[in-house]
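Reader: I'd like a close look at one part of this structure, starting from a single residue and then working outwards to whatever surrounds it. Could you take me through that informally, in one go?

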Amino acid sequence: MLLNSGILVYPLLFGMSAQFKKGTVIEKMGLLWIALFPSMLFIALVPTLEGKDLYEPQSSKALLITIYVFVTFVLGGILIYFIETIWDKLHVKVEMEGVTRRFQWESDKLQQITNVVPLCIMSLDVNGNIAGINELMLELLRRRYPLLTKTELLERNINYFLDSIEDKQIIQRLKNSIFYKQREFVKLSGNSRTYHIYSSPLVQRGTQLPEGMLLVVQDMTEEENMRNEMDNVERLTLVGQMAAGITHEIRNPMAVVRGFLQLMREKSPDDLHSYYHIVMEELDRANSIINDFLSLAQSRISVKERVLLHGIIEDLSPLLWADANLRGQTVELNLDPSMPLLQLNVREMKQLILNLGRNGMEAMGSKGVLTLETRISSDRDRVELIIRDTGSGMSEIEREKLFVPFFTTKSQGTGLGLPLCLNIVERHHGKITVHSQQGVGTEFIVSLPYEVDEAPILAIAE
């Protein structure tokens with residue numbers, strides 16, 4: 001029983017266990033056979049210890065023991081082989097699952113990073129097909145293709161979107177950078193927006209062969225607007241410096257010249273009065289330009305009082321009607337029957353309405369209609385003054401430069417009237433919006449805030 005149990009081989013098994021774990025499949029099979037050999041030897045010796053001769057001719061027990069030992073060695077080797085094969089496959093499977101999870105996590109993390117970065121990112125394969133995209137790029141493309149989904153996008157070639165760009169030169173530069181795998185930087189402007197487009201090839205690690213392209217689009221509209229605003233600030237600063245320097249140097253001599261012209265006109269023949277009148281009008285016009293300089297350059301605080309906007313409009317309406325009659329035009333007032341009191345600087349608001357109204361008249365021909373309208377906004381926290389004309393309208397380029405100092409489309413304009421209007425509206429914490437269509441007309445919307453609790457609604461008397 002002691003020999004058949006194989007307990008005498010256990011110390012040998014424990015001694016070989018460390019080497020067994022580290023060995024290859026062949027080494028493990030060899031170690032198994034080394035451990036089985038003494039065990040099988042003990043089993044063969046049991047009948048001998050009982051006094052039996054196992055090697056007698058035609059001994060069935062000797063044959064049985066021989067087959068048993070052979071089968072044990074073979075099955076042990078086969079068992080080791082299959083266990084190791086299955087273990088290796090299981091180990092590889094576990095490793096692959098771990099690699100897959102890490103890859104998925106890295107992919108998700110990279111996608112989250114690209115979605116958070118304030119850049120529109122798109123990757124292309126070697127054929128120019130879209131392979132990846134972030135959320136900002138998808139939103140950018142949806143501005144032109146509202147029903148586009150990410151699944152549909154990944155099936156498209158980049159040519160489908162490049163062909164929609166109107167600038168053919170930019171199209172060719174982008175196509176060259178994409179299909180010839182070149183680095184490129186392109187500035188694209190259109191629809192009142194500005195984009196910077198960067199392209200760079202994606203190369204394989206080791207071989208450095210191109211396997212795709214990366215496109216990065218940056219919306220520079222806000223930066224361009226900010227740069228334009230800074231340019232306007234610099235121009236206004238220059239205007240202020242000029243106005244401060246020339247005011248006393250020019251206005252005083254002009255006043256003296258105008259005074260002597262009046263004296264000379266009184267002592268001159270009547271047929272020369274028209275010439276004096278022209279000269280004095282030009283002096284007054286020059287003085288008006290200087291006043292516009294001063295108004296635009298000064299950053300004074302507006303002194304406001306609680307007044308009704310309709311009262312200011314009604315005070316100006318005779319003057320507007322008189323100007324309109326001289327031009328063969330009409331003025332219409334569409335005033336909201338109930339309006340709140342507003343904190344306004346009356347003089348500045350009159351200047352604002354006159355400037356916008358006269359600009360509208362100058363843009364119209366005879367039989368044109370100038371409309372002044374007031375209303376309360378839909379959220380009822382702002383009052384809107386609309387000044388609308390039926391003139392020739394403006395182009396998109398003209399609208400973009402409308403409030404730029406010194407920009408004007410008039411033959412004798414100074415380009416300071418509308419910047420002055422914008423300055424007045426901003427001092428009242430409001431905003432001004434322009435809608436214009438060529439051949440139809442232009443609409444200025446001046447939006448002014450008011451506090452509902454502090455502004456009782458007053459009815460206008462019929």
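Author: Let's start with Val71, which is partly exposed because its relative accessible area is 35%, a value between the 20% and 50% cut-offs. Keep in mind that this is a predicted model. Val71 sits in helix H4, which covers residues 60-116. It has nonpolar company, too: Leu63, Ile67, Phe70, Val71, Val74, Leu75, Ile78, Tyr81, Phe82 and Ile86 make up a nonpolar surface patch of about 970 Å².

For scale, the protein chain as a whole exposes about 29,200 Å², with carbon and sulfur atoms supplying 59% of that area. The chain has 462 residues, 35% of them buried, and it holds 14 helices and 14 strands. As for how the chain comes together, take the contacts between residues at least 6 apart in sequence: 60% of them join residues at least 24 apart.

Now from the surface to the interior. The largest nonpolar core has 38 residues, and the ones with the most contacts inside it are Leu309, Leu344, Leu352, Leu356, Leu372, Phe444 and Val446. Helices and strands both feed this core: helices H11 (309-327), H12 (346-363) and H14 (417-427) each give two or more residues, as do strands E9 (342-344), E10 (369-376), E11 (382-388), E12 (431-437) and E13 (441-449). Leu352 is a handy place to stop and look around. Set aside its neighbours within four places in sequence, and Leu352 is in contact with Cys421, Ile424, Val425 and Val446. There is also a second, separate core of 21 residues, with Leu138, Val186, Leu188 and Met213 among its members.

One of those Leu352 partners deserves another glance. Cys421 counts as buried because its relative accessible area is 0%. Cys120 also counts as buried, at 11% relative accessibility. As for disulfides, a search of the whole structure finds zero.

Charged pairs come next, and here the same kind of search turns up eight salt bridges. One of them joins Arg143 to Asp219, with the closest N and O atoms 3.7 Å apart. That pair ties together distant parts of the chain, 76 residues apart: Arg143 is in the loop between helix H5 (135-142) and helix H6 (150-153), while Asp219 is in strand E5 (residues 210-219). Asp219 has a relative accessible area of 26%, so it is partly exposed.

Compare that with a local pair. Glu224 and Arg227 form a salt bridge whose closest N and O atoms are 2.9 Å apart. Both residues lie in helix H9 (residues 221-266), three residues apart, which is about one turn of the helix. Their surroundings differ, though: Glu224 counts as buried at 16% relative accessibility, whereas Arg227 is partly exposed at 43%.

Back among the strands that feed the 38-residue core, the side chains of Arg388 and Glu373 meet in a salt bridge at 3.1 Å, N to O. Arg388 belongs to strand E11 and Glu373 to strand E10, so this pair, too, links distant parts of the chain, 15 residues apart. Arg388 is partly exposed because its relative accessible area is 28%, while Glu373, at 18%, is buried. As for the H9 pair, it is part of something wider: salt bridges that share partners join Lys187, Glu224 and Arg227 into one network.

Finally, a look at the backbone. Most residues other than glycine have a negative phi. Lys367 has a positive one, near 70°. Lys367 is in the loop between H12 and E10, and it is exposed because its relative accessible area is 77%, over the 50% cut-off. His429 also has a positive phi, near 60°. His429 is found in the loop between H14 and E12, and at 62% relative accessibility it counts as exposed. Those loops bring us back to the core, since H12, E10, H14 and E12 are among the elements that each give it two or more residues.

Conventions. Residues are numbered from 1 along each chain as its sequence is written. This is a predicted model: local features need pLDDT of at least 70, side-chain atom pairs count only at pLDDT 80 or more; totals for chains, interfaces and linings use all residues. Side-chain values use heavy atoms; hydrogens and water are left out. Helices (H or I, at least four residues) and strands (E, at least two) are DSSP runs, numbered from the N terminus. Buried means under 20% relative accessible area, exposed over 50%, partly exposed in between (1.4 Å probe, protein chains only). Contact means heavy atoms within 4.5 Å. Accessible areas come from the Shrake-Rupley method with a 1.4 Å probe; for residues, only the protein chains shown count as cover. A disulfide is a pair of cysteine sulfur atoms within 2.5 Å. A nonpolar core is a set of buried Ala, Val, Leu, Ile, Met, Phe, Trp, Tyr and Cys residues joined through side-chain atoms within 4.5 Å. Patches are made of residues with over 30% relative accessible area and no salt bridge: like charges are joined within 9 Å, nonpolar side chains (Val, Leu, Ile, Met, Phe, Trp, Tyr) within 5 Å. A salt bridge is a side-chain nitrogen of Lys or Arg within 4 Å of a carboxyl oxygen of Asp or Glu.
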